[in-house]
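Please open the model in a viewer and keep the sequence at hand. The tour below proceeds by selection, and each stop describes what is found there.

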Amino acid sequence: MSAIATNATRIREPFPDVVPGLQISPAAPGLWRVTRPQGAVLGHIERRGFGDEVRFGAKRLVAGGIRSIELGEFWSSRAAAEVFR
């Protein structure tokens, strides 16, 4: 199977944690969109690495939604989500 076919068959998985006050939905494999319950997009969380080396990067969208600012890299998905609260 080619690399293109392998990437195309990867599924979007739900975010591993529930964080009160935030809605986190799959945007792509290993990438989640973070929004307020009213719908305003705050940013994204991206899984980085594999196995024991997995970290979660958080990026906040700048006003206008064109650019984003790196907020940090975290050892848990929950910690990455908490920076948006």
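**The sheet**

Begin by selecting the five strands of this predicted model. They form an open sheet in the order β1-β2-β3-β4-β5, and the pairing is antiparallel. Colour β1 and β5 separately: these are the edge strands, each of which pairs on one side only. Looking across the sheet, one finds neighbouring strands turned by 25° against each other on average, direction ignored.

Next, restrict the selection to β2, residues 31-35, together with β3. These two strands pair in the antiparallel sense over five bridges. Within the pair, display R33, which stands opposite H44 in β3.

**The whole chain**

Return to a cartoon of the entire protein. Its secondary structure consists of two helices and five strands, and the elements follow one another from the N terminus as α-β-β-β-β-β-α. Switch to a surface representation: the accessible surface comes to about 5600 Å², and carbon and sulfur atoms contribute 56% of it. Of the 85 residues, 26% count as buried. Among contacts with a separation of 6 or more, 22% are between residues 24 or more positions apart.

**A salt bridge from a loop to β3**

The structure holds eight salt bridges, and the next stops visit some of them. Select E13 and R47 and show their side chains, which meet in a salt bridge at 2.4 Å, N to O. Which parts of the chain does the pair link? E13 is in the loop between α1 (3-9) and β1 (23-28), whereas R47 belongs to strand β3 (residues 41-48), and the two are 34 residues apart. Are these partners buried or partly exposed? E13 has a relative accessibility of 21%, so it counts as partly exposed, given that buried means under 20%. R47 is also partly exposed, with a relative accessible area of 29%.

**The salt bridges of E73**

Now select E73 with R48. Their side chains form a salt bridge, with N to O at 2.9 Å. R48 lies in strand β3 and E73 in strand β5, and the pair connects distant parts of the chain, 25 residues apart. E73 is partly exposed, its relative accessible area being 44%.

Keep E73 in view and add R55. A salt bridge joins R55 and E73 as well, and here the closest N and O atoms are 3.8 Å apart. Because R55 lies in strand β4 (residues 55-61) and E73 in strand β5, the pair ties together parts that are 18 residues apart in sequence. R55 is partly exposed at a relative accessible area of 25%.

Extend the selection to E46, R48, E53, R55, E70 and E73: salt bridges that share partners join these residues into one network.

**A nonpolar patch**

For the final stop, return to the surface representation and select I69, L71 and V83. What do these residues form on the surface? They make up a nonpolar patch, with about 220 Å² of accessible area together. I69 lies in strand β5, residues 68-74, which is also the strand of E73. With a relative accessible area of 49%, I69 is partly exposed. Patch members must have over 30% relative accessible area, so I69 meets that cut-off at 49%.

How values were computed. Residues are numbered from 1 along each chain as its sequence is written. This is a predicted model: local features need pLDDT of at least 70, side-chain atom pairs count only at pLDDT 80 or more; totals for chains, interfaces and linings use all residues. Side-chain values use heavy atoms; hydrogens and water are left out. Patches are made of residues with over 30% relative accessible area and no salt bridge: like charges are joined within 9 Å, nonpolar side chains (Val, Leu, Ile, Met, Phe, Trp, Tyr) within 5 Å. Accessible areas come from the Shrake-Rupley method with a 1.4 Å probe; for residues, only the protein chains shown count as cover. A salt bridge is a side-chain nitrogen of Lys or Arg within 4 Å of a carboxyl oxygen of Asp or Glu. Helices (H or I, at least four residues) and strands (E, at least two) are DSSP runs, numbered from the N terminus. Buried means under 20% relative accessible area, exposed over 50%, partly exposed in between (1.4 Å probe, protein chains only). Contact means heavy atoms within 4.5 Å. Two strands pair if DSSP finds at least two bridges between them. Axes are lines fitted to C-alpha atoms, for helices over the stretch in contact, and angles run from 0 to 180 degrees between N-to-C directions.
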